[in-house]
Structures are given as structure tokens and as C-alpha cells.
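This report goes through one structure, from a few single residues to the overall fold and the main pocket.

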Amino acid sequence: MVKKTKKTVRREWTKENIKELKAHSKARTPVAKISKQTKRSVGALRQKALYLGIGLGHQR
């Protein structure tokens, strides 16, 4: 049995995406919830937030 791996889909961060991420940061939205809404992984969100210098999640 050959295990199939999921193909990684890379999407660019638009200005709108970044604006949305900053709004979620201010609202202290849980990262899992943001992940579902934006269709991005939790890791990707955390990396971008770190790069932008903003906190993420409700209990930073």
C-alpha cells in the first residue's frame, strides 16, 4: 500500500489577507478559528504574525 501525501498549496499573502490577520490579532481570535476561515495552516499564520511582529491567539 502506497501512502499518498497531501500536495502543498502555496498562496501569496495579499494586502487584504494581512489586514484581516491584524484585525484577528486585535480581536484575539483563537488561531484554530482563523486557520479555518483563511484556509491556511496554524503554522503559516504564526510564521506570518511573527514576521509582521504581531501577537496571535487569545492567550499570547
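## Loop residues and overall fold

Lysine 39 counts as exposed, with a relative accessibility of 69%. The model is a predicted one. Lysine 39 sits in the loop that joins helix 2 to helix 3 (42-52). Its phi is positive, about 60°, although lysine 39 is not a glycine.

A positive phi is also found at arginine 28, another residue other than glycine, where the angle is near 55°. Arginine 28 belongs to the loop between helix 1 and helix 2 (31-38). Its relative accessible area is 45%, so arginine 28 is partly exposed, as that class lies between 20% and 50%.

Arginine 10 lies in the segment before helix 1 (15-27). With a relative accessible area of 79%, arginine 10 is exposed, because the cut-off for that class is over 50%. The C-alpha atom of arginine 10 is separated by 26 Å from that of alanine 27, with the two positions 17 residues apart along the chain count.

The three residues are set out below.

| Residue | Location | Relative accessible area | Class |
|---|---|---|---|
| Arginine 10 | segment before helix 1 | 79% | exposed |
| Arginine 28 | loop between helix 1 and helix 2 | 45% | partly exposed |
| Lysine 39 | loop between helix 2 and helix 3 | 69% | exposed |

The protein contains three helices and zero strands, and from the N terminus on the order of elements is α-α-α. Its radius of gyration is 13 Å, well over the 10 Å that the globule rule gives for 60 residues, so the protein is more spread out than a compact globule. The C-alpha trace spans about 45 × 25 × 20 Å along its principal axes.

Of the 60 residues in the protein, 23% are buried. The accessible surface comes to about 5400 Å², and carbon and sulfur atoms hold 54% of that area. Among contacts with a separation of 6 or more, 62% are between residues 24 or more positions apart.

## The largest pocket

The volume of the largest pocket is about 290 Å³. Its lining consists of Thr8, Val9, Arg10, Arg11, Glu12, Trp13, Lys39, Arg40, Ser41 and Ala44. By class, the lining residues are five charged, three nonpolar and two polar. Two residues described above, Arg10 and Lys39, are among those that line the pocket.

Notes
Residues are numbered from 1 along each chain as its sequence is written. This is a predicted model: local features need pLDDT of at least 70, side-chain atom pairs count only at pLDDT 80 or more; totals for chains, interfaces and linings use all residues. Side-chain values use heavy atoms; hydrogens and water are left out. On a 1 Å grid over the protein atoms alone, a cavity is a set of points where a 1.4 Å probe fits but cannot get out, and a pocket is an open set with protein on both sides within 12 Å along at least five of seven lines; lining residues have an atom within 4 Å of a point. Grid points are joined across faces, edges and corners, and a volume is the space filled by probe spheres set on the points. Ala, Val, Leu, Ile, Met, Phe, Trp, Tyr, Cys and Pro count as nonpolar, Asp, Glu, Lys and Arg as charged, and the others, Gly among them, as polar. Helices (H or I, at least four residues) and strands (E, at least two) are DSSP runs, numbered from the N terminus. Buried means under 20% relative accessible area, exposed over 50%, partly exposed in between (1.4 Å probe, protein chains only). The radius of gyration is taken over C-alpha atoms; the globule rule is 2.2 Å times the number of residues to the power 0.38. Contact means heavy atoms within 4.5 Å. Accessible areas come from the Shrake-Rupley method with a 1.4 Å probe; for residues, only the protein chains shown count as cover.
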